[in-house]
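Colleague: I am new to this one and would love a close look at a single part of it. Could you take me to the nonpolar patch on the surface and then show me the chain around it?

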Amino acid sequence: MTSGLHLDDQLCFPLYACAKEVVRQYRKPLEQLHLTYTQYLVMMVLWETGGMTEGELGNRLYLDSGTLAPLLKRLEKAGLIRRVRLEHNERKLFLSLTEQGEALQEQAKDVAAAMQGCIPLSEQELTLLKTLLNRALAGMERK
């Protein structure tokens, strides 16, 4: 009889361990950009959108303000982003890229190429994995 407390029986453990390993493998290509993985995610969203509020960014990346605020301060100090209080609501910070932050996007294109193949699955398996993870995440958001 299984108590449910065996590590090998848990779905959460391989998800956690795989995510941790992927983040570890991002370290080397991101060192050249002087970014952590989480900072890289922030920059990708801002490259995609051009700008948004801190709250919108937190929602997009599933990060709370306690995690996001110090990270954004470091990116601002590095000269990559601007944080500006909105006139109509001073409690909200609007985030946008600086010229230096925009220019970093060109260098960041090498990261995807460096990471290609880090997960040893076929293209079809990777597509299926991404689809299943997105579906699971969407289902958990509703709860």
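Modeller: Happy to! Six leucines, L11, L15, L121, L126, L129 and L133, make a nonpolar surface patch of about 490 Å². Please keep in mind that this is a predicted model. The element that gives the most to the nonpolar patch is helix α6, which covers residues 123-141 and supplies 3 residues. L11 is another member of the patch, and its place is in the segment before α1, the helix of residues 12-31. Is L11 buried or exposed? L11 has a relative accessible area of 64%, and it counts as exposed because that value is over 50%.

Now let us step back to the chain that carries the patch. The protein chain has 6 helices and 3 strands, and from the N terminus on they follow the order α-α-β-α-α-β-β-α-α. Its C-alpha trace spans about 60 × 35 × 25 Å along the principal axes. Of its 143 residues, 27% count as buried. As for the whole surface, the accessible area of the protein chain comes to about 10,600 Å², and carbon and sulfur atoms account for 54% of that.

Two more views round out the picture. Take the contacts between residues at least 6 apart in sequence: 49% of them join residues at least 24 apart. As for charge, the protein chain has 18 positive and 18 negative side chains, and the centres of these two sets lie 4 Å apart.

Terms used. Residues are numbered from 1 along each chain as its sequence is written. This is a predicted model: local features need pLDDT of at least 70, side-chain atom pairs count only at pLDDT 80 or more; totals for chains, interfaces and linings use all residues. Side-chain values use heavy atoms; hydrogens and water are left out. Patches are made of residues with over 30% relative accessible area and no salt bridge: like charges are joined within 9 Å, nonpolar side chains (Val, Leu, Ile, Met, Phe, Trp, Tyr) within 5 Å. Accessible areas come from the Shrake-Rupley method with a 1.4 Å probe; for residues, only the protein chains shown count as cover. A salt bridge is a side-chain nitrogen of Lys or Arg within 4 Å of a carboxyl oxygen of Asp or Glu. Helices (H or I, at least four residues) and strands (E, at least two) are DSSP runs, numbered from the N terminus. Buried means under 20% relative accessible area, exposed over 50%, partly exposed in between (1.4 Å probe, protein chains only). Contact means heavy atoms within 4.5 Å. Lys and Arg count as positive and Asp and Glu as negative; His and the chain ends are not counted. The place of a charge is taken as NZ of Lys, CZ of Arg, CG of Asp or CD of Glu.
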